[in-house]
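Colleague: Could you take me through one part of this model closely, namely a sheet, its strand pairing and what lies around it? I would like a connected account rather than a list.

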Amino acid sequence: MSASRSSGTTDALGPEEGPEGRPGAPDKVSGTGPGAIPGSELLAALLDGMDAALCAFDADGTVTHWNREAERILGWSAEEAVGRPGFAGWAVRRADAGEVQGRLMAVMDGPGRQVHEFALLRKDGGRVLVRTQSAGVRGVDGKPAGVYCAFSEVHTQIDLERAIALSEALFEDASWGVVLVDVDLRPTVVNAHAARALGGGRTTLLGRPLGELIVQGVEDLEGALQHVLAAGAPPAPAELWVTLRTAEGNRRRCWRSGFLRLASPLAEEPVPLGVGWLFQDVTEAKLAAQDADRVRFRSNQLHRASRSAAECEDPMEAATTSLDYALAGFADHALIDLVAGERLVRAAATPSDAPGPCLPVAGGGIPLRYVPGHPALQAVDRTGSVRATAGAGSTRDAGEWAAERQWPADSVHALCAVLRSRGRTLGVVTFLRSAHRAAFERPDAVYAESMADRVAASVDLYQCLRESPGDTSPYGA
């Protein structure tokens, strides 16, 4: 289908001879010459391939060009449109035709382009609001020769403007991080929020491997990006824990991330351009939730320990039972050392080579050879909790550190809580963690002290029963 019925329109764009003046040479403008695509056919193909609707008028207001997009929007074919004197009566209501035609043709005598909005008529009688951009066309003599007009439906234009505005807002003012990653998994666009979260500038981060920015967790992030490129976006956001390298040191953060696969809208088949990665830092919320879960679990363990200890006939069994509940999710080993004069004596302990319950030590009563400055002795002297951690050396160094303190060989972190009852120091309970657990922190000390209070009450009762004169119970011997 030809987009023009006026003869000579494209032939007038250039001379018959080529650029060097040789007759028959291909003309780069008109496309004439042997083997070249005829100018009118090339122009028709270009017009019909446009995404925007386009029509043109000569100096008298007669339609000279009409492409396929114009036909799609209004329903009028090129055969029906080209040659008509303006829009009156077919593409515009007669009452509005004069105003519309006047505004369109007015641009012919002025410079630049003009933008208007009109209500045009569809072939089926419906009305459609379009936004037009029109500009004058001049002939080879420089005089006004007509007007061309590109138009699109207003809602389509508004959708496009909204999409552009949204993308600009995302990369400027968004309150979450937005990163565009290419198929090589390197950032190509980074918004201000993401640059701050990643610890760099918007331009300095571009093209750098993610492994240069993320110390730990980059494998999970790159795996998610590769999955999106191969299979599309996941159905729900994912929470990724990463450790960032910053000037102040490494920082561990949790990012709630969403991913979108980006494909070119211009290709016949989707061609991946990369991944859109949107994320929010939810570290504080996640830590708060973890703390709440931990407190809830530990409170439940304290309750269960109290209920279980109340059913024990032997007070020392009640003490060790309480420790068994305290160990769940808290530590790997537990020891009870009781005061005997100036020394401490091991009264109960968990197995040193495998997980197991805390049990009284057979043949106890031999004082422990704790060296001065031992954490358990410090806890007795301070009447408070003491935390200790092996140095950041090898596993062998950690084993020597534990052996010097007479603890199980896999112990790396220790927390000693003093046992106090009726204003007296009865001993020390020691909780030990191996290398796969984190060091004890202040909230852990609070929990250990709460458990130590229960253990101390049971130990105090045990000692009172043993010391009672004339006691005939099993504890009197």
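Modeller: What follows is a walk through one sheet and its surroundings. The model is a predicted one, and the protein as a whole has 12 helices and 17 strands, with buried residues making up 40% of its 477 residues.

The part to look at is an open sheet of five strands in the order S2-S1-S5-S4-S3, paired in the antiparallel sense. Strand S2 (63-66) and strand S3 (113-121) occupy the edges, and each has a single partner strand, so one side of each is left without a neighbour in the sheet. On average, and with direction ignored, neighbouring strands of this sheet are turned by 25 degrees against each other.

Starting from the S2 edge, S1 and S2 run antiparallel and are joined by three bridges, with Phe 57 standing opposite Val 63 in S2. Strand S1 (residues 53-58) is also joined to strand S5 (residues 144-153), again antiparallel, by six bridges, and there Phe 57 stands opposite Val 147 in S5. Phe 57 therefore has Val 63 in S2 and Val 147 in S5 as its opposite residues, in keeping with the order of the sheet, where S1 is placed between S2 and S5.

Moving on, strand S4 (residues 127-138) pairs with S5 over nine bridges, likewise antiparallel, and Arg 138 stands opposite Pro 144 in S5. These two strands form a hairpin with five residues between them, and Gly 142 in the turn has a positive phi of about 85 degrees.

Helix H4 (residues 94-105) packs on the sheet and touches S1, S3, S4 and S5, while its direction makes about 155 degrees with that of S3.

The loop between S3 and S4 deserves attention as well, as Lys 123 lies there while Glu 80 lies in helix H3 (residues 78-81). Their side chains meet in a salt bridge of 2.7 Å, N to O, so the pair ties together parts that are 43 residues apart in sequence. Glu 80, at 26% relative accessibility, counts as partly exposed, and Lys 123, at 45%, is partly exposed too. Another salt bridge links Asp 124 with Arg 122, whose closest N and O atoms are 3.5 Å apart; here Asp 124 is exposed, with a relative accessible area of 59%, whereas Arg 122 is partly exposed at 28%. Both salt bridges belong to the 22 that a search of the whole structure finds.

Definitions and conventions
Residues numbered from 1 in each chain as written. Predicted model: local features only at pLDDT ≥ 70, side-chain atom pairs only at ≥ 80, totals over all residues. Heavy atoms only, no water. Helix = DSSP H or I, 4+ residues; strand = E, 2+ residues; numbered from the N terminus. Buried < 20%, exposed > 50% of the residue type's maximum accessible area, 1.4 Å probe, protein only. Pairing = 2+ DSSP bridges. Axes fitted to C-alpha atoms, helices over the stretch in contact; angles between N-to-C directions. Contact = heavy atoms within 4.5 Å. Salt bridge = Lys/Arg side-chain N within 4 Å of Asp/Glu carboxyl O.
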